[in-house]
Amino acid sequence: MKVAKFIIALILTVVFIFFLNRPLQLGEQSIPPIGKLMNPYTGFWKNAESLEYLPNENYDFPHLKGKVTVHYDDRRVPHVFAEHMEDAIFVQGYVTAQNRLFQMDLSSRATEGRLSEILGESVLKRDMRQRRQGMVFAAENALKEWEKHEYGWGLLQSYCDGVNAYISSLDQGSTPLEYKLIGTSPDTWTPKKTALFVKAMAASLASRHHDIEATNTLKRFKRDTFDFLFPEYFDAQTPIIPKSKKWTFAPQPVPDDNVDNDVLEYFDYKVYDRSPVGIGSNNWAVSGSRTKSGNPIQCGDPHLDLSLPSIWYEMQIHTPEMNTYGVTLPGIPFVVIGFNENIAWSQTNVGHDITDFYRIKWKDASKMEYLYDGEYKPVDIKVEEFEVKGKGTHVDTVRYTVWGPVMYDSKTSMDKDLAIRWLGHDGSDKNELTTFYELNKAKDFDGFHKAITPYNVPAQNFAFASKDGDIALRVMGRFPLKEKQQGRFIRDGSLSSSGWKGYIPKEHNPMVKNPPRGYVSSANQHSTGKDYPYYYTREYYELFRGRTANRLLAKNNKVTPQDMMTMQNSAFDMKAEEALPLLLTHLDSAQIRNNREIISLLESWDYVFDAKTKAGTFFQEWWRHTYWNIWDEMNQKEVTFMTPTSLRTIELMRDVPYSIFFDDRNTKDKEDIKNIVTRSFMETKEELGDDIPEWTKHQGSTITHLAQLAPFSRTNLGMGGAHSTLNAMTPRTGPSWRQIVELGDEVKAWVSYPGGQSGNPGSPHYDDFIETWAEGKYYDALFMKNESDYDRMMVAKQVFE
């Protein structure tokens, strides 16, 4: 009997162990082997870290030219001291991978369209979209050009070697936790993966388009109404380059083919997801003539998707050529935003339209040839294969034309397929990464200007200040030469005359240096005034933050770093300042006479979206209801339309209160703005109830783990700020890095970002900066000139030789 029981128990144990070491499939979700995950020697327990996790370590890499020492401060920021640049970049790759490997790997897979390999069928459509957008095509074109520049290519190879050296050191226990949860292992890092990361940033910041919506809207409302609702410039705007700037160059002529190449038809595509509303950035530089210390101050805070691990990794790199501090992008060598012993710089997104769509006319249903200048041209076929976890291989066919890949294909029409022309597909005339190498070691304005001139995509507003006393801002990127209105609407892809007319010469890109007003600034608004001689467009420029920044900078003649901290954290909303008085004016007092308490709350509000404001919550929802009640006819499921900007809506409410656009055509009565505002007020009151929630609870800002793993995310951050404030917070986006640099004899900097240095959810350094950042506080950047600086604040050391 005992033997029988033993045999039964043994069989059950073997079966139990067998199942614990196999992945479990629950519907479309695959659960990793629980046994392996729980293993005390190789499972998730091995990923737990203490505050004293980093020991002093020595690494032997015979190929290094000299010694590299990495000092970690008490915030786990690495300070890399190297005798040779190639060695410094190798160690940058190693240290970055040591802290952010899963983030790097997941980001490259996402861009390449390979998430379904590890996450399954639920992300297959996203993968297909990445291939149809030509992201791999773009990365491969970049690599062809990067390889031509020997020194930059060598540094990139050094970075990849460093990443792979760390990957090679991993065993089953030290592999990052997310790989264990998903049941996969890291890929080898290659230059292609870095190129994919660069193109991912380009797509996030410089592939936005509204061609489909604009075409549908023009078709519906015709030209006069479209131009009335969607002006390309607002006189209230304060552009990045001051209106006083005089353009002294002779512009390059734009050929005029005298042909209407726009396609005026409805296109019922569901537009692919774009970057969320609210992504933007601020930067500025203040001359010493306007600061209390007499030293220039440079500030920057790029607003991006907030994620854990953070998009940024803080680091210092010290070599004989340079001594640079700032943030890097995991997957890319060098410091991207930061400062050195002589200069400081930061970027905001330009946002000019460099993405156009072209309607393709096929020869027949096979879609193998298309009409182009009177002749049929064959497409280039690329068969894309997707290895889907648990489902085998999926195949998609992408057709490439002279414009680019066919991104949207119609199932019902032969003449509705759309090819995408995106500047990001083009190879650069120089390795974009060398821009940051040159920036890292620039010593003055000339070095800064030389560094950024070859930079192409995504176009950025580079704000600069130097110890010499110079300040400057340059709109830098490669911009298509276009006719007026070109690129706003879908173009006829059968005519070569529909294409771009060349490129704006880089020397004609807008720039301002040492302006009389004593400061430069940008916040994603228009680059220039209306008199700039080249045409550029973007359907939705930021219309409030830039004006707020310029207002605050103009009235302060004794700027201090603390003033700049207050300004970066400002929750004042100019949109509310301009919209709320109009809303209150247009209320029907008879209908809302029982709501005096809410009216008093709004009338006494200072337009500041602090965390506890209830007036801000009510205004935001009241504005949202008003806006969509005005433009409800453009909110359709069948066809996607554009809607006017908030500023244009405010102008109509102020100047044309009896506009036909305020009439609801679904009712017999003729409504005006008073009807809409009052109805929207009552809808808001009903929605929010008697107890209006505080703004921070209503907005609910969240920092989400890259793989959407809820236990590794942070919610309810308790923050103020809104979409149109300088502290531009939305539920999932916000200031991803804040820096303030004072360029005196001794360079001082104050920094913060929402995350932590480690990408390991089991580390105390995974998210330990979030509270400081959320409270609007800063850390002193420990900018070391020598290895012995701040010795008492260094907690660990790694030596590579």
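This report describes the sheets, the nonpolar cores and the enclosed cavities of one protein model.

The model is predicted, so local features are taken only where pLDDT is at least 70 and side-chain atom pairs only at pLDDT 80 or more, whereas totals for chains, interfaces and linings use all residues. Residues are numbered from 1 along each chain as its sequence is written, and side-chain values use heavy atoms, with hydrogens and water left out.

**The 11-stranded sheet**

Strands here are DSSP runs of E with at least two residues, helices are runs of H or I with at least four, and both are numbered from the N terminus; two strands count as paired if DSSP finds at least two bridges between them. An open sheet of 11 strands, with mixed pairing, follows the order β3-β30-β4-β5-β9-β10-β11-β12-β20-β21-β23. Its edge strands, β3 (57-59) and β23 (511-513), each pair on one side only. From one strand to the next the twist averages 15 degrees, where axes are lines fitted to C-alpha atoms (for helices over the stretch in contact) and angles run from 0 to 180 degrees between N-to-C directions.

Three of the pairings in this part of the model are set out below.

| Strand pair | Sense | Bridges | Bridge partners or opposite residues |
|---|---|---|---|
| β4 and β30 | antiparallel | 6 bridges | histidine 71 and lysine 797 |
| β4 and β5 | antiparallel | 5 bridges | valine 70 and valine 80 |
| β5 and β9 | parallel | 3 bridges | valine 80 and isoleucine 317 |

Strands β4 and β5 form a hairpin with 4 residues between them, and arginine 76 in the turn has a positive phi of about 70 degrees. In strand β5 (residues 78-82), 5 of the 5 residues are buried, so the strand is largely enclosed by the rest of the structure; buried means under 20% relative accessible area, as against over 50% for exposed and in between for partly exposed, with a 1.4 Å probe and protein chains only. In a regular strand the side chains alternate between the two faces of the sheet. In β5, Pro78, Val80 and Ala82 point one way, while His79 and Phe81 point the other way.

Helix α11 (residues 432-441) lies across β10, β11, β12 and β20, running at about 145 degrees to β12.

**A second sheet**

Another open sheet has 4 strands in the order β18-β19-β13-β22, again with mixed pairing. Strand β13 (residues 355-359) is joined to β22 by 2 bridges and runs parallel to it, with arginine 491 as the bridge partner of tyrosine 358.

**Nonpolar cores**

A nonpolar core is a set of buried Ala, Val, Leu, Ile, Met, Phe, Trp, Tyr and Cys residues joined through side-chain atoms within 4.5 Å. The largest has 115 residues, of which Trp146, Trp312, Phe339, Leu439 and Phe800 touch the most other members. Helix α3 (residues 85-112) gives the largest share of this core, 13 residues. A second, separate core of 52 residues includes Phe234, Trp622, Met634 and Met642.

**Cavities**

A cavity is a set of points, on a 1 Å grid over the protein atoms alone, where a 1.4 Å probe fits but cannot get out, and its lining residues have an atom within 4 Å of a point. The count comes to 8 cavities of 30 Å³ or more, and the largest has a volume of about 300 Å³. This largest cavity is lined by 21 residues, and the closest to its centre are Met201, Leu329, Val336, Tyr455 and Gln460. The elements giving two or more residues to its lining are α9 (191-206), β7 (297-305), β12 and α11.

How values were computed:
Contact means heavy atoms within 4.5 Å. On a 1 Å grid over the protein atoms alone, a cavity is a set of points where a 1.4 Å probe fits but cannot get out, and a pocket is an open set with protein on both sides within 12 Å along at least five of seven lines; lining residues have an atom within 4 Å of a point. Grid points are joined across faces, edges and corners, and a volume is the space filled by probe spheres set on the points.
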